[in-house]
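Got your viewer open? Let's take a walk through the model, one selection at a time.

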Amino acid sequence: ERISGFVARASKALSDDGGPVADHPLPAAFSAAMDDDLNLAEALVVVHETLRAGNTALAEGDSRSLRAALLDLRAMLDVLGLDPTTWATEVDDRYADALDGLVQAELTARADARAAKDFATADAIRDRLAAAGIVVEDGATGARWSLEA
């Protein structure tokens, strides 16, 4: 979920269409690990380091580093058969868009309540979202949401 969530957020931030990455060069450390008798443990270290760098770039608004991390990550995942963009099938995004709109409205109301120091209302909004299976994560750039696992 962390990986597919990052790919979705980074793709959205970069307006990336999730096209093929088969021709993108692999990070040298990943290639070396795979060439070492398919050392998947070491290859996954490179995947997670790239994910961490990508999340940092996303948080800092560094689009150049974000694009590099996204392409590197997707290329490595493609080799492993795990690129989340290839899992997508024809999906009607209207439901996801509608849910996102509703949750964003609630998060805005929650942020407004917090700014007004109305913590009871802010907590009630968070509890209402949690009861609906929405997990809210507060961060430096604001609140993010995801579906409860």
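**Stop 1: the core**

Start by selecting Phe6, Phe30, Val47, Leu66, Leu70, Leu73 and Met76: of the 17 residues in the largest nonpolar core, these touch the most other members. A nonpolar core here is a set of buried Ala, Val, Leu, Ile, Met, Phe, Trp, Tyr and Cys residues joined through side-chain atoms within 4.5 Å. Buried means under 20% relative accessible area, exposed means over 50%, and partly exposed is in between (1.4 Å probe, protein chains only). Helix 1 (2-14), helix 2 (28-35), helix 3 (40-60) and helix 4 (63-80) each give this core at least two residues. Helices are DSSP runs (H or I, at least four residues), numbered from the N terminus.

Before moving on, a word on the ground rules. This is a predicted model, where local features need pLDDT of at least 70 and side-chain atom pairs count only at pLDDT 80 or more, while totals for chains, interfaces and linings use all residues. Residues are numbered from 1 along each chain as its sequence is written, and side-chain values use heavy atoms, with hydrogens and water left out.

**Stop 2: helix 1**

Now pick out Phe6. Which residues is phenylalanine 6 in contact with, leaving aside its neighbours within four places in sequence? You should find Leu51, Gly54, Asn55, Leu66, Leu70 and Leu73, with contact meaning heavy atoms within 4.5 Å.

Next, show all of helix 1: its 13 residues reach 18 Å from the first C-alpha to the last, close to the 18 Å expected at 1.5 Å a residue. (That expected span is 1.5 Å times one less than the number of residues.) Colour Gly5, Phe6, Val7, Ala10, Ser11 and Leu14, the buried residues of helix 1. They pack against helix 3 and helix 4. Right after helix 1 comes serine 15, with a positive phi near 55 degrees.

**Stop 3: methionine 34**

Hop over to helix 2 and click methionine 34. Buried or exposed? Methionine 34 counts as buried because its relative accessibility is 16%. Leaving aside neighbours within four places in sequence, methionine 34 is in contact with Asn39, Leu40, Ala43, Val79 and Leu80. Try a distance label too: methionine 34 and valine 79 are 45 residues apart in sequence, but 9.8 Å apart in space, C-alpha to C-alpha.

**Stop 4: helix 3**

Select helix 3, whose 21 residues reach 30 Å from first C-alpha to last, close to the 30 Å expected at 1.5 Å a residue. Highlight its buried residues, Ala43, Val46, Val47, Thr50, Leu51, Gly54 and Ala57. Look down the axis of helix 3: these buried residues fall within an arc of 140 degrees, so they line one face of the helix. (The arc is that of the directions from the helix axis to the C-beta atoms.) What covers the buried residues of helix 3 includes helix 1, helix 2 and helix 4. Turn to the face away from the buried side and you'll meet the exposed residues Ala41, Arg52, Ala59 and Glu60. Just after helix 3, glycine 61 takes a positive phi of about 75 degrees.

**Stop 5: two loop residues**

Most residues other than glycine have a negative phi. Select aspartate 37, in the loop between helix 2 and helix 3, where phi is positive, near 55 degrees. Aspartate 37 is exposed, with a relative accessible area of 73%. Finish at lysine 117, in the loop between helix 5 (94-115) and helix 6 (119-131). Lysine 117 has a positive phi of about 60 degrees, and at 65% relative accessibility it counts as exposed.
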